[in-house]
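Trainee: I should like to examine how the descriptive terms applied to a model follow from their cut-offs. May we take them one by one?

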Amino acid sequence: MSGIVRLRLSMHGNRHHRIFHLVAARVSQARDSMPIEKLGVYDPRIKAGETHKTVEWSVDRIKFWLREGAQPTASAVKLLTMVRLWFAWVGEG
């Protein structure tokens, strides 16, 4: 695979209802272009009847990309830290 790969957030939805996808993408690609792989979804809005924000992603695939040398962006690190996945990865490495 050529080029540097980053784990980053891709923004979707309209202005007041953003949804973010955690993706593996080449550095040279635009933020919202087609990624190599979609790894998860982060919805920052708290839905009616719920008490928390929604974060859904594939831990195994994120760890795979980190092992392959993918560099997470600062915003991706914040999300990974929210569920302590980042700390688990740093502890393994």
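Mentor: We begin with the salt bridge, defined as a side-chain nitrogen of Lys or Arg within 4 Å of a carboxyl oxygen of Asp or Glu. This is a predicted model, in which local features need pLDDT of at least 70 and side-chain atom pairs count only at pLDDT 80 or more, while totals for chains, interfaces and linings use all residues. Residues are numbered from 1 along each chain as its sequence is written, and side-chain values use heavy atoms, with hydrogens and water left out.

Trainee: What makes the pair Arg 61 and Glu 37 a salt bridge?

Mentor: The N to O distance between their side chains is 2.8 Å, and the rule asks for a nitrogen within 4 Å of a carboxyl oxygen, so the pair qualifies. Arg 61 belongs to helix H1 and Glu 37 to strand E3, 24 residues apart, so that distant parts of the chain are linked. Helices (H or I, at least four residues) and strands (E, at least two) are DSSP runs, numbered from the N terminus.

Trainee: How many salt bridges does this rule give?

Mentor: The count is 2. Asp 43 and Arg 45 also meet in a salt bridge, at 3.5 Å from N to O.

Trainee: Why is Asp 43 called buried or exposed, and how is Arg 45 classed?

Mentor: Buried means under 20% relative accessible area, exposed over 50%, and partly exposed in between (1.4 Å probe, protein chains only). Asp 43 has 5% relative accessibility and therefore counts as buried. Arg 45, at 32%, is therefore partly exposed. Arg 61, at 31%, is likewise classed as partly exposed.

Trainee: Which residues of H2 are buried, and how do you know on which side they lie?

Mentor: Ala 76, Leu 79 and Leu 80 are the buried residues. They cover an arc of only 100° around the axis, and therefore lie on the same side of H2; the arc is that of the directions from the helix axis to the C-beta atoms. Ala 74 and Lys 78 are exposed on the other side of H2.

Trainee: What makes strand E4 (54-57) and strand E5 (71-72) edge strands?

Mentor: Each pairs on one side only, where pairing requires that DSSP finds at least two bridges between two strands. The open sheet of 5 strands has the order E4-E3-E2-E1-E5, with mixed pairing. E3 and E4 run antiparallel and are joined by 4 bridges, so the requirement of at least two is met.
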